[in-house]
Amino acid sequence: MTQQHKPGKIILLYTTGWFSAVFAILGFLLPIIPGTAFLVISITCFARCSPTFQKYIRRSAYLAKLMDDYEAGHGFPKKMIITCFVFCNISNIIALSVLHQYWAPLLCIAALINIGLYIVFFTRI
């Protein structure tokens, strides 16, 4: 499966992939940022612009099935979406109760709203 991309698109995919990877790592360390969502974005970006990374994903039994379903338009499994949604909301609620800076509640509420909107409009549950 070879894909021809313009150099600008490849640079954009790599940049988005690396930023998403950094946010995913931060998300696993901080309760405010949903790390799983950023990890999925990162994997998708790298798979689209790197044949080597795409081969690596295809060799992994679990990731290959997820990517095949995603590329076929089936999306991600219902259980995975619900689990991600629940853990993101739990971590944001904990962050709301623990962090008392003026910007933290705004960031948590924005994350809760964005996750909810994503679930409603872009997933098939």
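These are legends for three views of a predicted model.

**View 1. The whole chain, an all-helix run.** The chain has six helices and zero strands, going α-α-α-α-α-α from the N terminus. Helices here are DSSP runs of H or I with at least four residues, strands are E runs of at least two, and both are numbered from the N terminus. Of the 125 residues, 29% are buried, meaning under 20% relative accessible area, with exposed over 50% and partly exposed in between (1.4 Å probe, protein chains only). About 8700 Å² of the chain is exposed, and carbon and sulfur atoms supply 73% of that; areas come from the Shrake-Rupley method with a 1.4 Å probe.

**View 2. The largest nonpolar core.** Six residues make it up: Leu66, Phe76, Ile81, Cys88, Ile115 and Ile119. Helix H5 (78–98) and helix H6 (103–122) are the elements that each give two or more residues to this core. A core here is a set of buried Ala, Val, Leu, Ile, Met, Phe, Trp, Tyr and Cys residues joined through side-chain atoms within 4.5 Å.

**View 3. A nonpolar patch on the surface.** Ile82, Val86, Phe87, Ile90, Ile94 and Val98 form this patch, with about 530 Å² of accessible area together. Patch residues have over 30% relative accessible area and no salt bridge (side-chain nitrogen of Lys or Arg within 4 Å of a carboxyl oxygen of Asp or Glu), and nonpolar side chains (Val, Leu, Ile, Met, Phe, Trp, Tyr) are joined within 5 Å, like charges within 9 Å. Take Val86: this residue lies in helix H5 and is partly exposed, at 38% relative accessible area.

**Reading notes.** Residues are numbered from 1 along each chain as its sequence is written, and side-chain values use heavy atoms, leaving out hydrogens and water. Local features need pLDDT of at least 70 and side-chain atom pairs count only at pLDDT 80 or more, while totals for chains, interfaces and linings use all residues.
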